[in-house]
Amino acid sequence: MASVSLKKLDKSYGALRIVKGIDLEIADGEFVVLVGPSGCGKSTTLRMIAGLENISGGEILIGDRVVNRLPPRERDIAMVFQDYALYPHKTVRENMGFSLKVRGIAGTEAKKRIDEAAEILGISHLLDRRPGQLSGGQRQRVAMGRAIVRRPQVFLFDEPLSNLDAKLRGQVRTEIKRLHQQIGTTIVYVTHDQVEAMTLADRIVILRGGEIEQVGTPDDVYNRPHSVFVGGFVGSPAMNFAGASISGERLVFRDGNFLPAGALKSGHSAAMEGREMMVGIRPEHFVPATASDIQISVKVQVVEPLGSDTLVHFAMGQEVLTARMPPDIRLRPGEDLKLGVDPSKVHLFDAASQKAVA
């Protein structure tokens, strides 16, 4: 196992700069997920770590070695792609053992490694089948097994679940989490799916436009987003945003609703008076109002019953927000609704910079 260090890592294609001098330290044995929208540079970063893309500037260290000029085979990494890339004419055992054969590892040692990896992944009964006889989830497990048998210092995963249906994604995601718990090898994992990031990662790296927007634990990025972008990207349904300003002791929304400013998580100071804000509230932080709650009054637009809960979409001025309500709530479009809000769960962002107000 080994740590991974990125120092001022840069990648350009001609005049187009894709990765913009990022710095990141990944500890030995850590599971780090790079997440962000398409084009943010996450897969390019992973491919530079793997040696599949030349870097334009900066350094990559695996352990204490600078690997900038080393070919992929000398970096002691193993990569799992979204495309399984299995040999169709070879059995599962032969596919998993191919990289060992290339490295001159055969016989008892190769069999031991393959059997151990197959046991970890629950595919021991599939070793004599060919890829055409496997489901998509089984093929992805074989691809993971092929990486495991190499016993690399670092595993790199490039959107490995994107070709699977929703049910299989959940199953294989659980297996990847369990795999990391068993073998403890450093993992760098790329996805555009924030649910994968939240469930798998020790730390999440959120990328935007080739730069790191925020690094933190799942709890950090969910409960303490540094920007409107992070708050809106992490969470499903996404965080709600509404315009407001501080007036006296109140945070006043554009539709006239207000919250007591002194109770806000970010506090309240005279310097904030009149300042335009973006207010972020997660759907689950609204509740049906009781007499003791701090309340806002809204008008229901759309009701979506989901069984486990009900999503209620409502207007606040020109903005449409979403509340996650109990499953037994009965509402109709056009109804007036009073919602309770805990001010300590409210996030404030500067309207101009879109950064969190500390």
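The exchange below asks how several descriptions of this predicted model are reached.

Reader: Why is Lys-8 called exposed?

Author: The relative accessible area of Lys-8 is 55%, and since exposed means over 50%, the residue falls in that class. Lys-8 is found in strand S1, residues 4–13, and its phi is near 50°, a positive value in a residue other than glycine.

Reader: What makes Asp-76 partly exposed?

Author: Asp-76 has a relative accessible area of 32%, and because buried is under 20% and exposed is over 50%, with partly exposed in between, this value belongs to the intermediate class. Asp-76 also has a positive phi, about 55°, although it is not a glycine, and its place is in the loop between strand S5 (65–66) and strand S6 (77–81).

Reader: How do you know that strand S11 and strand S12 pair, and which way do they run?

Author: Four bridges join S11, residues 240–247, to S12, residues 250–253, and as pairing asks for at least two bridges, the condition is met; the two strands run antiparallel. Within this pairing, Ala-244 has Phe-253 of S12 as its bridge partner.

Reader: Why are strand S13 and strand S20 said to stand at the edges?

Author: The open sheet has five strands in the order S13-S12-S11-S14-S20, paired antiparallel. Strand S13 (258–260) and strand S20 (347–350) each have a single partner strand, so one side of each is left without a neighbour in the sheet. From one strand to the next, the twist averages 35°.

Reader: What makes the peptide bond from Ser-236 to Pro-237 noteworthy in its geometry, and where does Pro-237 lie?

Author: That peptide bond is cis, with omega near -5°, and Pro-237 lies in the loop between helix H8 (228–233) and S11.

Reader: How much of the chain is buried, and what does that word require?

Author: Buried residues make up 50% of the 358 residues in the chain, where a residue is counted as buried if its relative accessible area is under 20%. The accessible surface of the chain comes to about 16300 Å², with 50% of this belonging to carbon and sulfur atoms.

Reader: Which side chains are counted as charged, and how many are there of each sign?

Author: With Lys and Arg counted as positive and Asp and Glu as negative, the chain has 45 positive and 42 negative side chains, and the centres of the two sets lie 6 Å apart.

Terms used:
Residues numbered from 1 in each chain as written. Predicted model: local features only at pLDDT ≥ 70, side-chain atom pairs only at ≥ 80, totals over all residues. Heavy atoms only, no water. Axes fitted to C-alpha atoms, helices over the stretch in contact; angles between N-to-C directions. Buried < 20%, exposed > 50% of the residue type's maximum accessible area, 1.4 Å probe, protein only. Areas by Shrake-Rupley, 256 points an atom, 1.4 Å probe, with all protein chains shown as cover. Charge placed at Lys NZ, Arg CZ, Asp CG, Glu CD.
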